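Biologist: I'd like to go through this model with you and ask what the words behind it really mean. Where should we begin?

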Amino acid sequence: MTQIFRTYTDLLERVEGAGRPTRVLGHTPDGSPIVSVRTGGEKTPAIFITAGSHSTEHAGVSAAVELIDQLDTQHQVYIMPTRDPIGLNGYAYALSLGLGEVPQFDSFEDVEAILRDAGEIFYDEDGMLLSLIGDYGYASSRPAAQRPHPQWAFYNKLQDIHNTQPDLLEAFKYRRLYMTPGQPGVEGTGNFGRAYTLIISLEGEVLHLNRFHDTAWAPVEVRCTRRLMAEIQPGITFDLHESQLMEDCYWLSARHQPDAENEAWEQRAAQATIKAIADSGAVLASDDDVLGGVPIEETWFTRSEKGVYWLDATVRGEGLNLADYASRVYGLAFGTEMGMYGSFEKRVSLGMLTVQSAVRVFEQRYR
Ligand SMILES: [Zn+2]
């Protein structure tokens, strides 16, 4: 039975229980260890698997943990199952960093009361509340009929604020800002089961933990990844994500490579992977699923075959995410996007199948 990790302690127990060497790469501000686990064989180049920079996308985290035992390869494998231990622990836990104790609540009304009573309010409109408690920012965003993705709505609102009233975010610069997910249909996440972590940069940009990979200043979670990658020099990297815009659906996120040989292998691995995913009976996403109706020419994506999207970070802006960075510096890189409103079990299996299929192609290269 595939496990949903409700707490980071549960995840650490499962990872340590696998009986493979683990390593503490650093600690998040609450003192949680950021860990990697080593599996596979001795062959290089290494394989790097990670997930959880967006704590609400939990199937990727569970898939990464399952792969500790279930990725059969002679190559060295390094797995960092989550890059956001605090976010995984949920909104009440994240709130405890500012409050000094874990609060009790079970409704948005309760959360809003805590943010108002304990914090300084900076934005309060339309069911969206932004508060500063101690050194931490907190955002609460109510689900509403016209707002099926409340966390996404507040994220977009914050981008708006950054562009139009940047002074409003002045107090949040260099701070962490935790958002309520508001995803009641998503097992393990729900309204408050995770905290979605944002970091406000010194320039006031509103960024998340899958940014900062190429910046001098970076949050500790990213610095740990960067250092591990520099040490293991991964020939292939996987970052397992999910999309809150989709139900039972999948797409593969690929990266163009700086040289022809790597590019050919990236293409080959992408083709084999999307074929394996389609053969498993999964629904491949359409352009509309991925881009929400925006014509692909107006986005930072191109599509090769159905379900395979190539992201160009130079068009997107916000610097490099982990897969962008891996593709520039180390080698092949892939991300997954499973539809978060699909069955958890199936989402996990698609994450695992992605890695297993692409690794088969990767192994052929070094035969
Ligand atoms: Zn994501």
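Modeller: Let's start with pairing: two strands pair if DSSP finds at least two bridges between them, and strands themselves are DSSP runs (E, at least two residues), numbered from the N terminus, while helices are H or I runs of at least four. This is a predicted model, where local features need pLDDT of at least 70, side-chain atom pairs count only at 80 or more, and totals for chains, interfaces and linings use all residues. Residues are numbered from 1 along each chain as its sequence is written.

Biologist: What makes strand 2 and strand 4 a pair?

Modeller: Four bridges join strand 2 to strand 4 (residues 75–80), and the two run antiparallel. At least two bridges are needed, so they pair. Within this pairing, Thr 39 stands opposite Val 77 in strand 4.

Biologist: And how do you know that strand 1 pairs with strand 2?

Modeller: Five bridges join strand 1 (residues 22–27) to strand 2, again antiparallel, so the cut-off of at least two is met. Thr 22, for instance, has Val 37 in strand 2 as its bridge partner. The two strands form a hairpin with five residues between them, and Gly 31 in the turn has a positive phi of about 90°.

Biologist: Why is strand 13 called an edge strand?

Modeller: Nine strands make an open sheet with mixed pairing, in the order 1-2-4-3-11-15-12-14-13. Strand 1 and strand 13 (301–303) are the edge strands: each pairs on one side only.

Biologist: Why is strand 2 called mostly covered?

Modeller: A residue is buried if 20 or more other C-beta atoms, placed from the backbone, lie within 10 Å of its own; 12 or fewer makes it exposed, and in between it is partly exposed. Six of the eight residues in strand 2 (residues 33–40) are buried, so "mostly covered" fits.

Biologist: What makes a group of residues a nonpolar core?

Modeller: It is a set of buried Ala, Val, Leu, Ile, Met, Phe, Trp, Tyr and Cys residues joined through C-beta atoms within 7 Å. The largest one here has 66 residues, and Ile 49, Ala 64 and Ile 79 have the most contacts inside it. Apart from it lies another core of 33 residues, among them Ile 114 and Tyr 178.

Biologist: Which residues does Ile 79 touch?

Modeller: Contact means C-beta atoms, placed from the backbone, within 7 Å. Leaving out residues up to four places away in sequence, Ile 79 touches several, including Val 37, Thr 39, Ile 49 and Ala 64.

Note on methods:
Two residues are in contact if their C-beta atoms, placed from the backbone, lie within 7 Å.
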